[in-house]
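Here are a few notes from a colleague to read alongside the model. I hope they help as you look around it.

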Amino acid sequence: MSPSHTRRHFAKLAAQAALGISALLIENPAQARPTKSKRLPSSKASPGFPKGFLWGTATSAYQIEGAVKEDGRGQSIWDTYAHTPGKIKDNSNADRANDHYHRYKEDVQLMKALGVKSYRFSIAWPRVFPQGTGTPNPKGLDFYDRLLDELLANSIEPFATLYHWDLPQELQDRHGGWESRDTPKAFADYAGYVAQRLTDRVKHIFTINECSAFVELGYGNNSIELAPGLKLSQRRLNQVRHHAVLGHGLAVQAIRASGRAGTKVGPAENITTCVPAIETPENIRAAEIATRELNGGYLTVMLEGKYTDAFLAYAGADAPKYTAEDLKVISAPVDFVGINVYSPQHYVVSADDTHGFALVPFPPSYPLMNYSNWLKVGPEALYWAPRNLAKIWNVKEIYITENGASIADVPDAKGIVYDLDRIMYLRNYLTHLLRATSEGVPVRGYFLWSLMDNFEWSDGLANRFGLHWVDYDTQRRTPKLSASFYREVIARNSVV
Ligand code: PNW
C-alpha cells in the first residue's frame, strides 16, 4: 500500500467515524438488536405500556394468500377487479401475492422472531363458501385449521377478521353484492358457520374490516377506488352503507349464537379521526362532536343504535330504508371495538354554529407518507382516536387493529432495507399511543400493518407497508430495519 493510499484510507475512515457511519456495519437488521449487557436501562420517566399489552401484526387473506384457484376457492370481486385492465396501478394482481397459503409456517416464524403475541388475519369467505352461500367447502376451512394450529403451537393468539373485502363474486352477480339485504344475511350465515367451527381456538373475532372504506371507495364517487368499483347515486350508496353495518350486527348475533361461550366479537372500523387543532377544552369538545357526526353511518350507528339527526338531514330523501329492528341488530352489544388508525382525517376547532365544530383545511404542503396520497402524517391521531372512542361511547376494550406506513423502500446492495422513514412514523405514533394508555384509555393491543409487504389493493404490489421486504420473484422475506425497531418496542413494552 502506498503512503498516499494509506493516508486516503485513514482520512476516509476518520470521516466515516465522524459521520457515525459505523452504523452501516449492521449487516442484517434482524441482528441489530443490542446485546443484553449493552442495553440501556429502561427510563424511569416512561413506565411503558400496560402489563399484558398485546403486540401484534396484521394482514388480510386476499392481500397475502395467493392460491386463488386452489382447493375449491370460489372467485371474489377482487379477482375480477384485479384482472380488469387499468384497475391496478402496476398491472399486478394477487393470484400469487405472498404465496402465504403455502408459506404460512415460514410466516408464523417471522412473527415469532419479532416477538409478537398476537396476529390479526382474515378468513376468505370464498374459500369457505365458494358461491357465497350454500354448501361449505371443507378444504377451504382446512387451511385456517392448519394456520390456527401453527399459530397456537408458537404461542401466538389468533384474531380473525371475517370480511376483509373479498366478497364472493357470485353474490355480486346474483344481487348486486352489498346493494341487497341478501348479502348481510349470507354474511351472517358464513359468520355463524366459521364461529361454530373455529371458536375452539379463535377467541376474538372481528366482523367486517373498515365498512367505511370498502363502501365509500368501492361504491361511492371517490378518486381512490376499491372493488367492485361502482359509482352509485347517493340513494343507493346510503342503502349499501346501511347493509354493511347491518351485516356487522347480524354477524355479531350469529357468532354469539354459534360460537363457544366466551368468544369475543367486535368491528375493525376505519374510524374518521378528528383531532383538536390546538388542545383547548373548546376544541377538544368540538373534536368529540365532529367524531360522532362524521362517523354517523358507521361507528356511531353501531354504538348508539340510531342515525344522528345531522346524518339523516344530510341524506334527506336519499336516506337509507330501514326498520327499528335493523337499528337494534346493528347496535348488538360488542365486546370490544377495533379501529384502524393511519392519519388524522380532520383537525377541528370549535365553532358557534349549529354544528359546534369547524374543520381546518389541510395546507397543500401538509406531509404525507410516500406513495399513499391519503396517508397524512399526524402521530397524535393515535392518541385522539382511541381517546375519543372511549370518551364518547364509553368503550371499555379497544384494539388498534391497523397502523403503519407505506414507503418507497429500496433494498441496498445486500438486499437490506433501512426504512428510517417507517421507523420515524411508528416511533411518533406509538409515543402518542403510550400517552393514551398512560392516561387510562383502555387500549388492549396494537396490530401493526403489516407483517410483510403485500398486495396493496389498487396500488398493487409496488406500494409496500411491511416490516419484511418481500421479493415477489423468489418469495424471499427479509426483515427491514423497522422489524428490529418493532421487536425492541415489544421486548421493552415501551417506545424506543
Ligand atoms: C386499510 N384510504 O385500507 C386496509 O384495511 C388494509 O387492507 C390496507 O392494506 C391498509 O389500510 C393500508 O392501506 C385502507 O384511502 C385503504 O383512506 C385506503 C384508505 C384507508 C384504508
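1. The largest nonpolar core has 143 residues, and within it Trp-78 and Tyr-446 touch the most other members. Please keep in mind that this is a predicted model.

2. Which residues does Trp-78 contact beyond its neighbours within four places in sequence? The list takes in the aromatic residues Tyr-62, Trp-165, Phe-455 and Trp-457, together with Ile-88, Leu-226 and Ala-227, and also Asp-166 and Ser-458. Apart from the largest core lies another one, of six residues, including Cys-274, Ala-287, Ala-290 and Phe-357. As background, nonpolar side chains in soluble globular proteins tend to be buried together.

3. On burial and contacts: buried residues make up 58% of the 496 residues in the protein chain. Among its contacts with a separation of 6 or more, 77% join residues 24 or more positions apart.

4. Now for the overall fold. The protein chain has 17 helices and 13 strands. Its radius of gyration is 23 Å, close to the 23 Å that the globule rule gives for 496 residues, so the chain is as compact as a globular protein of that length. The C-alpha trace spans about 90 × 60 × 45 Å along its principal axes.

5. Last, the surface and the charges. The protein chain exposes about 20500 Å², with carbon and sulfur atoms supplying 55% of that area. There are 55 positive and 52 negative charges, and their mean positions are 6 Å apart.

Key: Residues numbered from 1 in each chain as written. Predicted model: local features only at pLDDT ≥ 70, side-chain atom pairs only at ≥ 80, totals over all residues. Heavy atoms only, no water. Helix = DSSP H or I, 4+ residues; strand = E, 2+ residues; numbered from the N terminus. Rg over C-alpha atoms; globule rule 2.2 N^0.38 Å. Buried < 20%, exposed > 50% of the residue type's maximum accessible area, 1.4 Å probe, protein only. Contact = heavy atoms within 4.5 Å. Areas by Shrake-Rupley, 256 points an atom, 1.4 Å probe, with all protein chains shown as cover. Lys, Arg positive; Asp, Glu negative; His and termini not counted. Charge placed at Lys NZ, Arg CZ, Asp CG, Glu CD. Core = buried A, V, L, I, M, F, W, Y, C linked by side-chain atoms within 4.5 Å.
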